[in-house]
Amino acid sequence: MSVLTRDEAQTRARLLDVHRYTIDLDLTGGDDTFDSRTVIRFTVRADQDATDTFVEVKPAELRSATLDGHPLDPESLTENRLPLKNLTPGEHELRLTARMRYSRTGEGMHRFTDPSDGETYVYTQMFMDDVQRVFAAFDQPDLKAVFDLTVTAPEGWTVLANGITEHLGDGRWQAATTPPISTYLVAVAAGPWHSIRTEHRDLPFGIHCRRSLAPHLDADADEILDVTRACFDRYHEKFDEPYPFDSYDQAFVPEFNAGAMENPGLVTFRDEFVYRSAVTDTERQTRAMVIAHEMAHMWFGDLVTLRWWDDIWLNESFAEYMGYQTTAEATRFTDTWTDFGITRKAWGYDADQRPSTHPVAPDSVEDTASALLNFDGISYAKGASALRQLVTWLGEKDFLSGINNHFTRHKFGNATLADFIDSLADATERDVHTWADTWLRTTGVDTLTPRITPGDGGVCTLTVDRTGTRPHRIAVGVYDQDLTDEGRLTLRHRVELDVPHPDGGHPIGKPPALLVLNDGDLTYTKVRFDQKSFHTLGENLSGLPDPITRAVVWNALRDAVRDGELPPATYLRTARTHLPHETDLAVTQGVLVFAATQIADRYTTPEDRPAALATLSSLCRDLIRRTEDGDHPGLRLIAVRHAIDVAAQPDTLAAWLADGTVPGGPELDPELRWRILGRLAVLGATDEAAIAAELARDPSATGQEGAARCRAALPDPEAKATAWEAMFSHDDLSNYLFTATARGFWQPEQADLLRPYLARYYEDAVALAARRGPAIADAAGRWAFPAHAVDAETLRHGEECLRDADLIPALRRKLIDQLDDLARALRVREAQQPSTEA
């Protein structure tokens with residue numbers, strides 16, 4: 001397939017104005033394909049001579065094409081491009097009819113049959129260049145047009161789209177004409193949806209899911225709609241431009257690759273957000289944040305759209321920042337920034353320290369394949385952190401004024417970083433152009449280290465040493481030991497200061513027990529501690545009063561482990577000491593995930609891993625005992641989940657599964673049952689008969705994924721061979737079943753059994769990615785990579801693959817990241833080895 005380059009897009013944008021698409025889709029033709037008819041009305045600008053261009057389409061069969069009534073040769077379609085030759089200035093009409101393939105990988109028009117009841121659903125994911133899998137298009141974000149859409153669907157189906165849809169009879173549905181939007185934002189979702197509809201501010205609102213999830217959506221409908229209404233109202237307080245579309249539907253769809261997609265008027269979410277098992281309040285908070293994030297896109301991305309993909313931060317960083325900030329302001333979930341700090345921000349820090357790092361706003365993204373790789377922790381988490389720092393430095397009033405300037409100037413159009421910075425500059429006296437250069441055009445993470453100097457009269461001076469180039473406006477927390485409570489720390493004062501400080505140092509009074517840089521987590525940087533503060537944390541970390549401060553501290557310890565400055569065993573001891581007293585669910589979850597998946601599974605040697613798992617098991621038992629009173633169900637659920645994941649012996653888990661409950665609760669819902677069975681599979685304490693029985697008990701799509709994961713986890717040569725063939729040879733696994741199989745396959749406990757597959761991985765992954773495309777390539781690089789194999793040989797094979805193999809960009813990027821993480825894990829392990837020097 002030919003990918004669109006920036007130069008090609010700029011050339012075509014100078015040539016064409018695209019006015020209207022009329023699209024007719026027929027979804028009644030069978031399980032494999034659907035019919036697509038497209039009419040595109042466009043103008044070649046008067047200042048152009050007769051010239052050539054192309055339209056993109058990826059059909060199973062291009063049946064016909066006409067330009068201004070004259071037939072075009074379908075055989076002239078080359079890969080995904082149909083040439084349009086000798087276009088003269090003036091108006092033109094292009095008509096194409098095609099047969100298109102349904103997808104099982106979440107790209108284009110994805111088709112899913114629910115194993116619970118046999119009902120079928122389809123939905124579109126048009127992002128980047130997948131609109132071409134559904135209809136023909138001049139597929140670039142700056143050629144906006146209005147869209148008229150009709151759909152023929154099987155009897156009993158409902159069709160959802162960007163605008164209000166009307167059933168015309170005989171399975172025909174018509175959607176209201178859209179305002180001007182980009183091609184990648186067109187959306188269709190069709191099937192026998194379970195729908196809950198209401199109105200807010202005279203606009204139709206709806207939430208939708210497949211029928212088998214109806215009871216679970218009904219149970220949470222009030223919460224989902226309350227969050228939706230609250231965020232909608234809050235955005236109307238922030239933004240001068242009103243919501244720009246005619247309705248607001250949210251569809252929870254199966255086997256969705258992303259968390260959600262901001263299609264105007266029809267946001268699609270992965271339907272794991274319709275909870276069928278118990279979840280923590282932090283997970284509910286995450287769902288609320290995603291709702292807020294996608295709604296922010298109605299302005300950032302949909303009303304005003306990037307001109308080209310080098311400015312994806314104008315979409316994602318803003319939606320990320322607004323999602324967390326607005327959730328905290330408008331809903332009951334007021335601690336969202338703690339979750340951001342402990343979970344999301346780590347994603348950004350990790351991405352920014354790999355060879356694949358890039359600026360938040362890169363100077364140039366050459367083509368769509370390259371652009372797809374930048375939807376990562378930098379464009380989301382680092383970009384949102386930069387915006388949070390911008391608001392701290394600029395002030396929210398001027399920030400919002402600049403945003404509203406931007407919307408007014410560019411609504412229903414396209415804009416660039418330069419346009420946005422100009423809009424901000426008109427709202428403030430601050431030098432935002434220099435700020436943008438230092439924050440958005442650079443890569444890497446700064447590190448701030450405190451230096452405390454005693455002075456006259458016992459007054460100390462704080463100097464902040466900076467490794468890096470960015471200016472920071474930070475809060476510094478100065479803490480004393482609580483004399484009435486030995487383990488508690490009290491905040492003496494919190495001061496805001498600039499780094500670098502114009503006077504070099506800042507007086508902080510008498511020597512503190514603890515000094516925390518970036519208290520409140522207002523900037524994007526790694527932080528370190530002075531020696532006294534580090535000692536205090538070892539004894540009193542859980543005594544810090546504010547969860548966001550504790551998140552900053554845990555992130556600093558995490559960074560120090562990854563940088564080889566703090567032994568992983570010290571991190572584990574700190575977690576063992578302080579996590580039993582932690583009250584914040586996001587902090588507890590974040591620390592346990594890092595301790596298990598990185599400390600125990602990667603940074604600890606195989607010889608020391610059993611002791612690390614034993615420490616984590618002991619920690620989880622303490623949390624379970626602490627929550628026996630039933631007052632902390634979320635904390636108990638986290639502890640039970642992690643106790644399952646780190647169990648080294650099967651007896652307790654087998655007893656829980658047999659009894660259907662953890663003693664004292666919770667009762668085992670489907671998620672916990674599959675989790676236990678998966679761990680028993682890893683430990684060799686279950687078999688195919690037990691997996692089949694559990695699947696008969698839970699034949700849902702989630703049950704199918706659970707069974708695939710369990711079967712791949714069995715420590716049996718035949719099971720491993722079967723799983724490998726399913727992933728890399730048969731090409732019929734959906735994106736979700738591929739991921740489930742991959743997540744079961746590699747297990748640290750089974751290193752000897754898995755050794756023959758290590759060298760095979762690279763060759764088979766390269767071939768798979770070439771056959772099945774970016775979505776499966778991403779899954780193969782993320783989930784099917786042998787992350788447990790922290791050794792020089794795996795690294796060498798990977799480096800040879802990067803050097804010698806013909807890799808599609810999605811897999812190349814994933815392997816670069818994985819191999820860098822593997823090399824880091826090797827360095828962390830080496831740093832723990834005693835020196836052999838005399």
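These legends walk through several close-up views of a predicted model.

**View 1. Four strands line up in an open sheet.**
Let's begin with the order of the strands, which is β26-β23-β22-β28, with mixed pairing. The edges belong to β26 and β28 (526-527), each of which pairs on one side only. Inside the sheet, β22 (residues 447-454) and β23 (residues 460-467) are antiparallel partners, joined by eight bridges. One residue pair to look for here is L448 with its bridge partner R466 in β23. Which residue of the hairpin of β22 and β23 takes a positive phi? Look at G457, with a phi near 70 degrees, in a hairpin that has five residues between the strands.

**View 2. The two edge strands of this sheet pair in their own ways.**
On one side, β23 meets β26 (residues 506-509) in the antiparallel sense, over three bridges. You can find this pairing at C460, whose bridge partner in β26 is G509. On the other side, β22 and β28 pair in the parallel sense over two bridges. There, T447 has K526 of β28 as its bridge partner.

**View 3. Two cysteines sit in the interior, without a disulfide.**
How many disulfides does the structure hold? The count is zero. Take C710: its sulfur is 20 Å from the closest cysteine sulfur, in C620, and that is too far for a bond. A disulfide needs the two sulfur atoms within 2.5 Å. Is C710 buried or exposed? With a relative accessible area of 1%, C710 is buried. C460, which you met in the previous view, is buried as well, at 2%.

**View 4. Three antiparallel strands carry two helices.**
In this open sheet the strands come in the order β25-β24-β27, and the pairing is antiparallel. Strands β25 (489-499) and β27 (514-517) stand at the edges with a single partner strand each, so one side of each has no neighbour in the sheet. From one strand to the next, the twist averages 20 degrees. Four bridges connect β24 (residues 472-481) with β27 in the antiparallel sense, and V478 stands opposite L515 of β27. Helix α11 (residues 531-540) packs on the sheet and touches β24, β25 and β27, with its direction at about 100 degrees to that of β27. Helix α12 (residues 547-562) also packs on the sheet, touching β24, β25 and β27, and its direction makes about 85 degrees with that of β27.

**View 5. Strand β14 is covered on both faces.**
It helps to recall that side chains in a regular strand alternate between the two faces of the sheet. In β14 (residues 188-191), V188 and A190 lie on one side, A189 and G191 lie on the other, and all of them are buried. Strand β9 (residues 120-125) pairs with β14 in the antiparallel sense over two bridges, and V122 has A190 as its bridge partner. Strand β11 (residues 158-161) also runs antiparallel to β14, joined to β14 by four bridges. Here T158 stands opposite G191.

**View 6. Helices α17 and α18 pack against each other.**
Two packed helices are described by the angle between their axes and the distance between the axes. For α17 (residues 651-659) and α18 (residues 670-682), the angle is about 145 degrees and the axes are 10 Å apart. Their crossing is left-handed. From α17 come L653, A654, W656 and L657, and these meet R673, I676, L677, R679 and L680 of α18. Sorted by class, the contact has seven nonpolar residues, two charged ones and no polar ones. In the loop between the two helices you will find P666, joined to G665 by a cis peptide bond with omega of about 5 degrees.

**View 7. A few backbone spots stand out.**
Most residues other than glycine have a negative phi, and most peptide bonds are trans. A cis peptide bond joins V499 and P500, with omega of about 0 degrees, and P500 lies in the loop between β25 and β26. E79 is not a glycine, but has a positive phi of about 55 degrees; look for E79 in the loop between β5 (70-71) and β6 (81-87). F412, also not a glycine, has a positive phi of about 60 degrees. The loop between α8 (396-410) and β21 (413-415) holds F412, which counts as partly exposed at 28% relative accessibility.

How values were computed
Residues are numbered from 1 along each chain as its sequence is written. This is a predicted model: local features need pLDDT of at least 70, side-chain atom pairs count only at pLDDT 80 or more; totals for chains, interfaces and linings use all residues. Side-chain values use heavy atoms; hydrogens and water are left out. Two strands pair if DSSP finds at least two bridges between them. Buried means under 20% relative accessible area, exposed over 50%, partly exposed in between (1.4 Å probe, protein chains only). Axes are lines fitted to C-alpha atoms, for helices over the stretch in contact, and angles run from 0 to 180 degrees between N-to-C directions. A crossing is left-handed if the near helix is turned anticlockwise from the far one by less than a right angle, and right-handed if clockwise. Contact means heavy atoms within 4.5 Å. Ala, Val, Leu, Ile, Met, Phe, Trp, Tyr, Cys and Pro count as nonpolar, Asp, Glu, Lys and Arg as charged, and the others, Gly among them, as polar.
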